[in-house]
Every structure is written in C-alpha cells, then in structure tokens.
Amino acid sequence: MKKLTICLLAVMALLGCKKSAPQQQDEPGANQTKSLTAANAISKSTSKKIFMHWMPWFETPDSKGAWGYHWKMNTQNPDVIVNGKRQIAAYAYPQTGPYASGDPDIIEYQLLLMKYSGVDGVMIDWPGTRVRYDYPDNLANSNALIAKLNALGLQFSIVQEDRNWDAGQTSGANGDFIYMQNNYFNQSNYLKVNNVPVVLNFGPITFHQPAEWNQILTGLNPKPKVIPLYGNTNQVGANNAGGEFPWIYQDHPTVVNNYYAQAANFPISIGVVYPGFKSFYQAGGADGPTWQIAYNGTGTFSSLLDKALASSVGIIQFATWNDYGEGTMIEPTAEFGYGFLTTMQQKLGVSYGQHELEQIYRLYQYRKQYKGNSGIQQQLNQAFNYFAAQQVSNAESILNSIGGGTTPQPPAGTGITIKNKWLNTFLFEDNGQVKYGSSNTDARAKWSLEQVNGHTRIKNVDTGHYLNIEHLYSYAESSVIPDTFYSSYWVIEDSNGFKRIKSEWKGTYLNLENQSGFAQSTSINATAESSQWTLN
C-alpha cells in the first residue's frame with residue numbers, strides 16, 4: 001500500500017485525507033439537475049441528486065492472500081478475534097465484518113443498501129492506471145462495482161487522484177483521462193452535465209498550474225469538466241474547471257457553511273454530508289490528521305443533511321460509504337447500526353425503512369451461507385432482481401423459502417411476554433427500539449429466550465431481532481446483530497419472585513425508571529420495581 005505524504009498543501013492540513021486516495025463527489029447546479037437521468041430510481045421527496053462516495057481499497061486473505069493495508073495499517077492484525085470481532089484499523093466495525101471491495105456479494109449488498117436509502121449514484125475514489133502499490137487492485141475493484149451499477153439503475157462518476165502521479169508526470173495523468181474516455185465516459189450512466197462528463201479531483205495535490213491541466217486534458221473529446229476542491233479553481237484553470245466541492249474540514253462546519261453561501265456562483269455545485277471524523281491513523285502507526293468531529297449519535301450527520309437539502313446545490317455528496325480509517329463510514333456498522341441510512345431515508349423522503357435494509361442484509365448472509373450451492377444461488381439471483389425492481393415482497397418470499405441467514409421465525413402468537421412489575425406494561429419492539437405498552441397480545445410484544453455459545457439472547461418473535469445495547473443509546477435496541485456480540489447477551493436473575501434482566505456486557509439492568517417511553521439498561525438498585533419483570 002502506498003505511503004502518502006499527507007497534507008502537501010496548507011489547505012490539506014485541515015482536510016480529512018486518505019491513506020490510499022482521498023475522494024470527492026460532483027454535482028450539477030440546481031438548474032442542471034434535469035440533465036441527469038436515473039433509470040429505475042427510488043422515489044424521493046427531494047429533487048436533488050444523491051451520490052455516495054465509495055472506496056475500492058479493501059482486501060482480505062480470500063481476495064489477495066493477505067489482509068490489505070486499510071484493514072490493518074501498521075499496528076492491527078485482523079486474524080486476532082476478540083468477542084467475535086476481528087482486530088481492524090478502525091473505531092467502527094462493519095456489520096458484515098471486514099470484506100474485500102471486489103467481492104460480488106459485497107458489491108451487491110452495498111449497492112442495494114445505497115439504492116434503498118435514496119442514492120442515485122456512486123462517486124468512486126479512483127486510483128488511476130499507474131502500476132504502483134495497490135492501485136491496480138483498486139482499479140479492478142472499481143471496475144467490478146461499475147459493472148453492477150446498470151442492474152440497479154445507478155449512475156457513477158470518477159473522483160480522480162492526481163496525487164498518485166509525481167511532479168512532471170502529466171503524460172501519466174493524461175493516460176488516466178484517456179482511460180476514462182475509452183471506458184467510462186461513453187457509458188449511459190456516467191454523470192454528465194449538458195452531455196459533458198464530470199470528473200472530481202481531490203485537490204489538486206500534484207499539478208497546481210492550469211498549463212499542466214491543459215496537457216492532462218489534451219486529446220479528450222468532449223473535454224470533461226474537472227471539479228476541484230473548494231477554492232482551487234485557479235490551480236486547474238477556469239477553462240478546465242466546472243465548479244468546486246467541499247470536503248471534511250477541521251474547521252467544521254464553518255468551511256461548509258461558507259461554501260453554501262457561494263454555491264450558487266458555481267456552474268456545478270456539490271453539497272457534502274458526513275457523520276463525523278475520528279481517524280485511526282495515530283493508533284494505526286500511520287500519517288494523517290488526528291483532529292476529530294463528534295458524531296453526536298447521528299446528530300452531526302442529520303444537521304449536515306438538513307443544511308445540504310436547504311442549500312442551492314443540485315447534488316449532495318455523502319462522505320463516505322466506507323472510509324473506516326477516517327471514521328466517516330455510513331454503511332451499517334456494529335456501532336451505528338442502520339442509523340445513517342434510515343436518517344437518509346427519512347429526510348430524503350424515501351418510502352422504505354430499516355426493514356428493507358435488513359432484508360438486503362439477509363440476502364448477503366444467504367450468499368455466504370450457501371456459497372457453492374448453485375441451486376440456491378440461482379434463487380438468490382432472482383431475489384436480487386426483485387430488489388432491483390423494487391418488488392420487495394417477492395424478494396422476501398424467496399428469502400423466507402430458503403431459510404438461513406437469520407433464524408426462521410416462530411409462528412405468530414408464540415413466545416413469552418416481558419411485563420414490568422412497577423408499571424404493569426409489556427415490552428415490545430417498534431422500529432428497532434424497545435418500548436413498553438399495555439398490550440400483551442401485540443405480536444411485537446412476544447419474545448423468546450435462546451441459548452447461544454452458553455449465553456442467553458432475547459429474540460423478538462415478530463421481527464426476529466435481538467434485544468441489545470450495542471450502541472449504548474438512551475434506549476434498549478431490538479435489531480439484527482451477530483450472535484457473537486456480547487451486547488446481545490443477557491443474564492436472567494431471580495429477585496423476590498420476579499426477574500431482573502442483566503446485560504452480560506455492561507452489567508447494567510433493563511428498567512423503565514425514567515418512564516421515557518423506552519426501556520433502558522442502566523445501573524439501578526435491586527429493590528427498584530422498575531427493574532423487576534415477569535416472564536411468561
């Protein structure tokens with residue numbers, strides 16, 4: 001893996017930078033949105049185009065015979081497994097576990113999740129054609145993703161990394177653009193504005209003179225519009241640039257706010273939404289920024305999305321799908337669940353919710369569980385086609401007929417209830433949250449106890465989700481969670497004729513003490529009736 005010299009420009013010292021290749025996204029101004037086509041697009045309440053920034057640089061022993069740099073950096077060993085999780089160079093853990101970017105099952109899973117969250121296209125952090133470091137692998141992974149996009153009606157654009165060339169190598173950078181012209185620009189789903197291809201540039205980092213960019217773009221017809229980082233048009237040249245885009249800055253959110261104040265002046269403008277910033281560089285023994293932007297749950301993400309939607313931009317870039325090294329990942333993780341994606345669904349006016357995202361995860365699980373079973377894989381191919389056509393019930397019927405992935409659901413009406421002594425109410429699941437109410441006949445209020453690896457898990461009969469406190473929210477969760485996660489393990493203790501439900505992970509007890517409408521797991525006195533339950 002390449003060793004980058006981070007922050008070659010003064011402005012880059014304030015930016016999140018990638019160890020392998022930084023990324024950006026582009027977007028036409030609001031008056032140009034109609035020039036974008038989105039076949040089979042998910043219906044949304046916003047007219048803005050939604051693009052997801054995606055990294056192609058992850059590898060595993062199955063893909064390359066060894067773990068790639070981005071899962072381990074210089075200090076971590078993914079072969080070490082603690083509490084069911086591999087040791088990776090990140091503070092968040094992907095729901096699927098660490099993966100290979102070119103894995104067809106991962107690509108299918110990631111693109112379906114994007115589509116059902118309201119995404120119109122993917123901005124690919126593109127390594128170029130230089131044969132150096134892991135660039136060829138990244139290029140192959142990028143092309144594997146691109147090959148799947150049309151099946152889902154998704155667009156794409158390239159985020160070019162001029163940093164991957166050395167000073168004076170404009171001919172090499174020109175070769176990258178010739179490759180784009182021959183392989184990407186002629187595709188119907190490549191992002192164009194007024195029939196002109198759009199290419200983002202994360203910088204520039206190496207080439208800072210318009211004369212150099214004139215050479216880089218020589219021989220291209222039509223000549224693409226290059227979109228550099230906010231404030232860098234003068235380096236690319238006004239005749240070559242088509243606008244500017246912001247990224248993730250230490251001066252959060254001031255720089256982004258300043259960009260929105262000027263966005264209407266750019267022919268092509270791009271909003272940015274990110275969840276926070278917490279890099280693993282220092283812990284991973286690598287170079288890179290160490291400043292942080294707090295996640296505040298999904299609060300930072302949500303507020304930035306509100307700003308982007310209220311702005312004049314025509315495209316919103318979500319940064320990023322999977323930069324674990326910088327902690328800007330949006331895809332489902334053990335720490336955040338589906339929180340960022342469901343926030344997108346709600347604010348973009350997408351009619352789908354977490355249930356559909358969980359069914360897509362089931363598809364991925366079955367792909368892995370039945371690897372090598374050609375008959376079942378053919379059924380899963382059909383399930384994918386149904387998902388692509390937004391025929392969710394048909395896809396789910398196939399998954400249910402196969403079984404596996406998640407535990408088959410018990411018949412409706414079976415299971416036990418969990419009744420609180422103090423309030424005489426029953427726990428039930430609602431949209432991933434554990435709430436309480438007066439009904440003991442609601443299917444969502446039925447639970448079952450399961451033994452896994454010597455531990456007790458509590459499963460909701462209606463959804464098949466498991467009671468857990470994985471994200472340490474102010475409420476208990478009921479969601480899809482691996483059976484190796486201690487956050488879903490509980491100890492049922494006797495207490496004066498009732499039961500107390502103790503988290504094996506944190507040693508806290510399920511209770512209704514705050515009467516907030518949700519169950520919570522906190523430290524609480526054993527005599528508190530709000531923490532005492534009847535299970536029957």
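Leaving aside its neighbours within four places in sequence, which residues is Thr 333 in contact with? In this predicted model, the partners of Thr 333 are Ala 92, Tyr 93, Pro 94, Gln 95, Tyr 324 and His 471. Thr 333 itself belongs to the loop between strand S13 (315–318) and helix H10 (339–348). Residues with under 20% relative accessible area are called buried, and Thr 333 counts as buried because its relative accessibility is 4%. The loop between S13 and H10 also holds Thr 320, which is joined to Ala 319 by a cis peptide bond with omega of about 10 degrees.

We can turn next to the nonpolar interior. In soluble globular proteins, nonpolar side chains tend to be buried together. Here the largest nonpolar core has 123 residues, and the members that touch the most others are Leu 111, Phe 177, Tyr 184, Phe 318, Met 344 and Phe 387. Helix H3 (residues 104–116) supplies the largest share of this core, with eight residues. A second core, separate from this one, has 15 residues, among them Trp 447, Ile 469, Leu 510 and Leu 512. For a look at the surroundings of one core residue, take Phe 177: beyond its neighbours within four places in sequence, its contacts include Gln 160, Phe 185, Val 199, Trp 213 and Ile 216. Leu 217, Leu 220, Pro 224 and Val 226 are also in contact with Phe 177.

Helix H4 (135–149) shows how a helix can be arranged against its surroundings. H4 has 15 residues, and the distance from its first C-alpha to its last is 21 Å, close to the 21 Å expected at 1.5 Å a residue. Its buried residues are Tyr 135, Asn 138, Leu 139, Asn 141, Ser 142, Leu 145, Ile 146 and Leu 149. These residues are on the same side of H4, because they cover an arc of only 165 degrees around the axis. The spacing makes sense in light of a general rule: an α-helix has 3.6 residues a turn, so residues three or four places apart point the same way. Packed against the buried residues of H4 are strand S1 (49–54), H3, strand S4 (121–126), S5 and helix H5 (170–183).

Just beyond H4 comes Ala 151, in the loop that leads from H4 to strand S5 (155–160). Ala 151 counts as partly exposed, because its relative accessibility is 42%. Although Ala 151 and Leu 111 are 40 residues apart along the chain, their C-alpha atoms are separated by 9.9 Å. Leaving aside neighbours within four places in sequence, Ala 151 is in contact with Phe 384 and Ala 388. Phe 384 has another partner too: Lys 148 lies over the face of its ring, at 4.1 Å from the ring centre. A similar theme appears at Phe 485, where the charged end of Lys 85 sits over the ring, 4.6 Å from its centre.

Helix H8 (residues 254–262) has four named buried residues: Val 255, Val 256, Tyr 259 and Tyr 260. Seen down the axis of H8, they fall within an arc of 140 degrees, so they line one face of the helix. The cover over these residues includes strand S9 (243–244), strand S10 (268–273) and helix H9 (299–310).

Aromatic rings offer another view of the model, which holds 32 aromatic pairs. In one of them, Phe 185 and Tyr 190, the ring centres are 5.1 Å apart and the planes are at 65 degrees, so the pair is edge-to-face. Phe 185 and Tyr 190 are both buried. Tyr 259 and Tyr 260 of H8 also form an edge-to-face pair, with 6.1 Å from centre to centre and 65 degrees between the planes. Tyr 259 has a relative accessibility of 0%, while the value for Tyr 260 is 13%. One aromatic cluster brings together Trp 126, Phe 156, Tyr 179, Tyr 184, Phe 185 and Tyr 190.

Finally, some details of the backbone deserve a look. Asn 221 and Pro 222 are joined by a cis peptide bond with omega of about 0 degrees, and Pro 222 lies in the loop between helix H6 (210–216) and strand S8 (225–227). Met 73 is not a glycine, yet its phi is positive, at about 45 degrees. Met 73 is buried at 5% relative accessibility. Gln 515, also not a glycine, has a positive phi of about 50 degrees, but this residue is partly exposed, with a relative accessible area of 47%.

Note on methods
Residues are numbered from 1 along each chain as its sequence is written. This is a predicted model: local features need pLDDT of at least 70, side-chain atom pairs count only at pLDDT 80 or more; totals for chains, interfaces and linings use all residues. Side-chain values use heavy atoms; hydrogens and water are left out. Buried means under 20% relative accessible area, exposed over 50%, partly exposed in between (1.4 Å probe, protein chains only). Helices (H or I, at least four residues) and strands (E, at least two) are DSSP runs, numbered from the N terminus. The arc is that of the directions from the helix axis to the C-beta atoms. Contact means heavy atoms within 4.5 Å. A nonpolar core is a set of buried Ala, Val, Leu, Ile, Met, Phe, Trp, Tyr and Cys residues joined through side-chain atoms within 4.5 Å. Rings of Phe, Tyr and Trp (its six-membered ring) pair if their centres lie within 6.5 Å; planes under 30 degrees apart count as stacked, over 60 as edge-to-face and the rest as tilted. A charge sits over a ring if NZ of Lys or CZ of Arg is within 6 Å of the ring centre and within 35 degrees of the ring normal. The expected span of a helix is 1.5 Å times one less than its number of residues.
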